[in-house]
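Here is a quick tour of a protein model for anyone who likes to know what packs against what. Have the coordinates open and follow along.

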Amino acid sequence: MPVDEGAAQGRVLFLITVKEERREDFLKAYEQIRHLVADGVPGHVRDQVCQSSTDPEQWLITSEWRSLDDFVAWERTEEHRDLVRPMRECFSAAKSIRFHIKAETSRDTPRVGLSTPTTAG
């Protein structure tokens with residue numbers, strides 16, 4: 001189903017590696033900032049922290065935003081850098097990928113097809 005105008009329009013995925021010996025520090029750092037972000041950052045909708053079921057050092061943080069512009073504005077602030085520093089210090093590798101949400105599916109969404117852009121020629 002095409003995304004509702006009031007719903008999140010952007011998703012950021014953080015694929016990270018956290019060595020076993022830093023796991024508790026990472027989770028503690030995430031816990032210390034998650035409600036500050038959820039309650040005080042314009043455009044933030046929700047996020048999740050997930051651990052791989054097959055590799056305990058692989059983690060994923062998904063972050064949903066009203067728009068990717070909201071995320072970029074937040075990411076560029078000094079406050080963001082200061083707030084996430086303790087968490088980033090736990091990463092041995094990290095990659096960030098940004099996506100525009102085009103459709104979503106749930107049990108409650110009507111079964112409506114996506115419109116796809118046509119190409120000339």
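## The overall layout

Read from the N terminus, the elements of the protein go β-α-β-β-α-α-β. That makes three helices and four strands. Keep in mind that this is a predicted model.

As for burial, 30% of the 121 residues in the protein are buried.

## How the strands line up

Let's start with β1, which has two partners. β1 and β3 run antiparallel, joined by eight bridges, and one place to see this is R11, whose bridge partner in β3 is E64. The pairing of β1 with β4 is also antiparallel, over nine bridges. There, V12 sits opposite R98 of β4.

β3 has a further link, to β2: seven bridges join the two, and they run antiparallel. If you want a residue pair to click on, Q48 has T62 as its bridge partner in β3. The connection from β2 to β3 is a hairpin through six residues.

How covered are these strands? β1 is mostly covered, with seven of its nine residues buried. In β3, six of the eight residues are buried, so the strand is largely enclosed by the rest of the structure.

## A stop in the hairpin loop

P56 is found in the loop between β2 and β3. Is P56 buried or partly exposed? Its relative accessibility is 42%, so P56 counts as partly exposed; the buried class only takes residues under 20%.

P56 also makes a handy landmark for a longer jump along the chain. T17 is 39 residues away from P56 in sequence, yet their C-alpha atoms are 8.9 Å apart in space.

## The nonpolar core

Which residues have the most contacts inside the largest nonpolar core? They are I16, F26, I61 and M87, in a core of 21 residues. Two or more residues come from each of β1, α1, β3, α2 and α3. The top contributor is α1, which gives five residues to this core.

While we're on α1, have a look at V37, which has its place in that helix. V37 has a relative accessibility of 7%, so it counts as buried. Between the C-alpha atoms of V37 and L83 there are 9.2 Å, with 46 residues separating the two along the chain.

## Aromatic company

There are four aromatic pairs in the structure. Take W65 and F71: their ring centres are 5.5 Å apart and the planes meet at 65 degrees, so this pair is edge-to-face. The cut-off for that label is over 60 degrees. Both partners are under cover too, as W65 is buried and so is F71.

F14 joins W65 and F71 to form one aromatic cluster. F14 lies in strand β1, and because its relative accessible area is 17%, it is buried. Along the sequence, F14 and L60 are 46 residues apart, while their C-alpha atoms are 5.6 Å from each other in space.

## The largest pocket

Now for the part you may want to dock into your viewer window. The largest pocket has a volume of about 320 Å³. Which of its lining residues are closest to the centre? Out of 22 lining residues, those are F14, I61, H80, V84 and M87. Several elements give two or more residues to the lining: β1 (10–18), α1 (23–40), β2 (44–51), β3 (58–65), α2 (68–75), α3 (78–88) and β4 (91–100).

What about chemistry? The lining has 13 nonpolar residues, along with four polar and five charged ones.

Some names turn up again here. I61 and M87 are among the residues with the most contacts in the largest nonpolar core, and both are also on the list of those closest to the pocket centre. F14 is on that list as well, and it belongs to the aromatic cluster with W65 and F71.

Methods
Residues numbered from 1 in each chain as written. Predicted model: local features only at pLDDT ≥ 70, side-chain atom pairs only at ≥ 80, totals over all residues. Heavy atoms only, no water. 1 Å grid on protein atoms, 1.4 Å probe; cavity = no way out; pocket = protein on both sides within 12 Å on 5 of 7 lines; lining within 4 Å. Points joined across faces, edges and corners; volume = space filled by probe spheres on them. Nonpolar A, V, L, I, M, F, W, Y, C, P; charged D, E, K, R; others polar. Phe/Tyr/Trp six-rings, centres within 6.5 Å; stacked < 30°, edge-to-face > 60°. Buried < 20%, exposed > 50% of the residue type's maximum accessible area, 1.4 Å probe, protein only. Pairing = 2+ DSSP bridges. Core = buried A, V, L, I, M, F, W, Y, C linked by side-chain atoms within 4.5 Å.
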